[in-house]
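Reader: I'm new to looking at protein models. Could you walk me through one, step by step?

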Amino acid sequence: MDIVGNVLPQVLKDEATEDKGEMARLQSFVGAIAVADLVKTTLGPKGMDKILKPTGPGQEMSHITVTNDGATILKSMYVENPAAKILIEISKTQDEEVGDGTTTVAVLAGELLREGEKLIQKRIHPQHVIAGWRIARDIALKRLRDISTENDINSQEFHDDLVKIARTTLSSKLITSDRDYFADLCVNAVLRLKGSSNLDYIQIIKLPGGTIRDSYLDDGFILKKQITIGCKRRIENAKILVANTAMDYDKIKIYGTKVKVNSMDKVAEIEAAEKEKMKHKVDKILKYQPTVFVNRQLIYNYPEQLLADAGITVIEHADFEGMERVAAATGAEILSTFDAPERSEQILGHCDLIEEIMIGEEKMIKFSGCKKNEACTIVLRGASTHILDEVDRSIHDALCVLITTVKNRRVVWGGGNSEMQMAAACEEEAKKVQGKQAFAIEAFAKALRQIPTIICDNGGYDSAELIQNFKVELQKGNITYGLNMTDGTIGNMSELGVKECLRVKEQALLAASEAAELIMRVDNIVKCAPRKRERA
């Protein structure tokens, strides 16, 4: 580098900062480990909850969140550290991909980095650590797939697996005391989808009141709207036309145009023309011969009256998501123009019965016996909105895991069994590998073993003793053993019925190892100079 007059040339702009080498790596490790430590107390069936409270002007009285869902906690955090942001991103990805394991993936990545930091302090180069981790990841993944089992999708054993997986997923949530009831409810909802992975068909309605146990699964689809006045409240063998079209006739639709009139008669002529235009539109709708008309937008009194006079039940202002669900459940197409009445058979949706029902103190519309009989509604009751929100998140996680299991069909034993088996496989491999990479493989095994250790610690049990007993049982060949968190002992997962979805574990392992590898590679952090605001 050329030095001009004993002064190094300035490359970065004023106020920009650069951290290099060890300092950059240390910053990354500290940020990622801090995030992992924040959520690790929520891990497992005895995990603790967090209160998330927004602050700032006007938000003092805003809605607080009480949760132990890793993705919800991490999504709510605004962090400055780039490595912490990477952990938050992998948690979001885990949530979108498989719906559960969001805390596990963040904690595993954090523990890998904690072990990686120790290796770097021993002067082992990051590239040797990464090479060892890659070997360990492949070994762990192979062991994970080897210990998984699969049942035929139509067998009773597979149905039992689904119930066990739902119970295991819900055991770490707020509704753990009623997990059997909710596990059956979730399994029945998912089996109605008949293999589809579209969660939109399962609607969740939250209504404060009653207790959590008053929640139930309702066949059919429930729309949080009311039938318009003057229409029939009960329609059998309904033919449903679903539309997203303007039905308000008192607005002149030639935007950006001024109309000047010199008398009220001219205003009346414009109104009459608008009215005639609307009547023409209603006539087009009537050619489809529906018995129910559901519209996304408002319907004004005149078209409403015309449709009601023709004996059509009108449901207006169906929110967009609700309208999409109605269309999906009844097999209808969403129309915005009405120029193809000859295709009415393909366009109209069908269901056996539409009626107005009361849930709590709210009137709603229930669609029973839909053409695509895959839709159902889970009605959640509870003492407060905070409880309902957390139950909703718990149910959503269970539904996502069940849908993933139906697609993947492979399951593994829970209670920390898969992590301990993967750790054992990594340790066996470390004995065969020469060079510094063996240390990295051992570090990977230690990080995996931290997951059951943390689960024990969160339950208030002696993790050192339990994990040692756990290792001994696996050495003896008791490969179905795991942590019994009810009694604080090592138990047989086959007898306890603790199972987990392979895909959730697989995704957590891959995402955590990739994120840890990415952060381990960092040796330079450059922060740009803030942009100056020019004063007016």
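Reader: Let's start with one residue. Where does Tyr461 lie?

Author: Happy to, and keep in mind that this is a predicted model. Look just past helix H14 (437-458). Before helix H15 (463-476) begins there is a loop, and Tyr461 sits in the loop between H14 and H15.

Reader: Is Tyr461 buried, partly exposed or exposed?

Author: The relative accessible area of Tyr461 is 22%. Buried means under 20% and exposed means over 50%, with partly exposed in between. With its value of 22%, Tyr461 therefore counts as partly exposed.

Reader: How far apart in space are Tyr461 and Asp487, C-alpha to C-alpha?

Author: Along the sequence, 26 residues separate the two. They still touch, since Asp487 is among the contacts of Tyr461, along with residues including Lys46, Met485 and Gly488. From C-alpha to C-alpha, the distance between Tyr461 and Asp487 is 9.5 Å.

Reader: Back to helix H14. Which residues does Thr453 touch, not counting residues up to four places away in sequence?

Author: Thr453 lies in helix H14. It is buried, because its relative accessible area is 15% and the cut-off for buried is under 20%. Leaving out residues up to four places away in sequence, Thr453 touches Ser463 and Ile467.

Reader: What about pockets? What is the volume of the largest pocket?

Author: A total of 42 residues line the largest pocket. Those nearest its centre are Gly44, Pro45, Thr168, Ser171 and Ser172. The volume of the largest pocket is about 890 Å³.

Reader: Which helix gives the largest share of the lining of that largest pocket?

Author: Several elements supply at least two lining residues each, including H4, H14, strand E16 (481-484) and H17. Helix H6 (156-170) is on that list too. The largest share of the pocket lining is four residues, and it comes from H6.

Reader: You mentioned Gly44. Is Gly44 buried or exposed?

Author: Gly44 is found in the loop between helix H1 (21-39) and strand E2 (50-52). Its contacts, leaving aside neighbours within four places in sequence, are Ser172 and Ile455. Since its relative accessibility is 12% and the cut-off is under 20%, Gly44 counts as buried.

Reader: And what separates the C-alpha atoms of Gly44 and Thr168 in space?

Author: Both residues are among those nearest the centre of the largest pocket. Along the chain, they are 124 residues apart. In space, the C-alpha atoms of Gly44 and Thr168 are separated by 9.7 Å.

Reader: Now the cavity. Which helix supplies the largest share of the lining of the largest cavity?

Author: The structure holds one cavity of 30 Å³ or more, and the largest cavity has a volume of about 50 Å³. Its lining residues include Thr104, Glu419, Lys505 and Leu509. Helices H4 (102-121), H13 (417-430) and H17 (502-520) each give at least two residues to that lining. The largest share, three residues, comes from H17.

Reader: Is Asn295 buried or exposed?

Author: Asn295 belongs to strand E9 (residues 292-295). Its contacts, not counting residues up to four places away in sequence, include Ala243, Met247, Ile315 and His317. Because its relative accessibility is 0%, below the 20% cut-off, Asn295 counts as buried.

Reader: I heard that backbone angles can be odd. What is phi of Arg123 near?

Author: Most residues other than glycine have a negative phi. Arg123 lies in the loop between H4 and helix H5 (126-147), and it is exposed, with a relative accessible area of 65%. Its phi is positive, near 65°.

Reader: Where is Gln289, and what is its phi near?

Author: Gln289 has its place in the loop between helix H8 (264-286) and E9. It counts as exposed because its relative accessibility is 56%. Here too phi is positive in a residue other than glycine, near 55°.

Reader: Last one, about the whole protein. What percentage of its residues count as buried?

Author: The protein has 17 helices and 19 strands, and its C-alpha trace spans about 95 × 75 × 45 Å along the principal axes. It has 536 residues. The part that counts as buried is 49%.

Note on methods:
Residues numbered from 1 in each chain as written. Predicted model: local features only at pLDDT ≥ 70, side-chain atom pairs only at ≥ 80, totals over all residues. Heavy atoms only, no water. Buried < 20%, exposed > 50% of the residue type's maximum accessible area, 1.4 Å probe, protein only. 1 Å grid on protein atoms, 1.4 Å probe; cavity = no way out; pocket = protein on both sides within 12 Å on 5 of 7 lines; lining within 4 Å. Points joined across faces, edges and corners; volume = space filled by probe spheres on them. Contact = heavy atoms within 4.5 Å.
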